[in-house]
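Me: I am new to this structure and would like a close look at a single part of it. Please choose one element and follow it from end to end, with what lies around it.

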Amino acid sequence: MTENASENPAPGSPPEAAVPWGDRLPVEQAKEWEAVRPGTVEWMLTELQREREHRRRMDWVRTGLQAFGSLLGAGTVVAYIWVATYFLAHDAATQGAAILGGGTAALVGGFLGKRYGDRR
């Protein structure tokens, strides 16, 4: 692991080494940059902070989308159950079972395929 890399990076986020200056900016190098162009170090630190804030927002968005997907899947299963009970109440238990079983199996297969599928 490089000296700029984080110990526990967030899943799916780029490592800290993706930012050339990482968490630490060598003092000698910073002095050279400031001599050439004043304000460079302040700009770099501001950009580093903006990137970290962006990563945090993207982590929250990812978490929200995962929660939305789970709720949507649960709602779909509830809808399948509702349709199956409708069929059962109208003396069509076989069709209701087929809708509930087939639809739920397809939904679970989709979720498992996404989670455990092709990981390159």
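Reply: Helices (H or I, at least four residues) and strands (E, at least two) are DSSP runs, numbered from the N terminus. On that basis the protein holds three helices and zero strands, in the order α-α-α from the N terminus on. The part taken here is helix α2, which covers residues 40-89.

This is a predicted model, in which local features need pLDDT of at least 70, side-chain atom pairs count only at pLDDT 80 or more, and totals for chains, interfaces and linings use all residues. Residues are numbered from 1 along each chain as its sequence is written, and side-chain values use heavy atoms, with hydrogens and water left out.

Confidence comes before detail. The protein has an average pLDDT (the predictor's confidence in each residue, from 0 to 100) of 80, and 78% of its residues score at least 70. Among the elements, α2 has the highest mean pLDDT, 91, while helix α1 (residues 27-36) has the lowest, 84. Residues 1-6 fall below 50, and beyond near neighbours in sequence this stretch has 13 contacts (heavy atoms within 4.5 Å) in the model. Where pLDDT is low, the predicted coordinates should not be read in detail.

Now the helix itself. With 50 residues, α2 reaches 73 Å from its first C-alpha to its last. The span expected at 1.5 Å a residue, that is 1.5 Å times one less than the number of residues, is 74 Å, and α2 comes close to that value.

Threonine 40 belongs to α2. A polar atom of its side chain lies 2.6 Å from the backbone oxygen of arginine 37. Leaving aside residues up to four places away in sequence, threonine 40 touches Trp33 and Glu34.

Threonine 40 is also one of the buried residues of α2 (buried means under 20% relative accessible area, exposed over 50%, partly exposed in between, with a 1.4 Å probe and protein chains only). The others in that group are Val41, Met44, Leu48, Arg55, Gly73 and Ala84. Their cover includes α1 and α3 (93-116). In the protein as a whole, 14% of the 120 residues count as buried.

Two residues of α2 show how its positions relate to residues later in the chain. Valine 78, in α2, is exposed, with a relative accessible area of 55%. Its C-alpha atom is separated by 9.7 Å from that of threonine 104, although the two residues are 26 apart along the chain. Tyrosine 86, also placed in α2, is partly exposed, with a relative accessible area of 47%. Between its C-alpha atom and that of glycine 96, ten residues apart along the chain, the separation is 7.6 Å. For the protein overall, take the contacts between residues at least 6 apart in sequence: 38% of these join residues at least 24 apart.

After α2 comes aspartate 91, in the loop between α2 and α3. Aspartate 91 is not a glycine, yet its phi is positive, about 55°. Its relative accessibility is 78%, so aspartate 91 counts as exposed.

To put the part together: α2 is a helix of 50 residues, its buried residues run in the list from Thr40 to Ala84, and α1 and α3 are among what covers them.

How values were computed
Polar contact = N/O pair within 3.5 Å; in protein donor to acceptor, adjacent residues only side chain to side chain.
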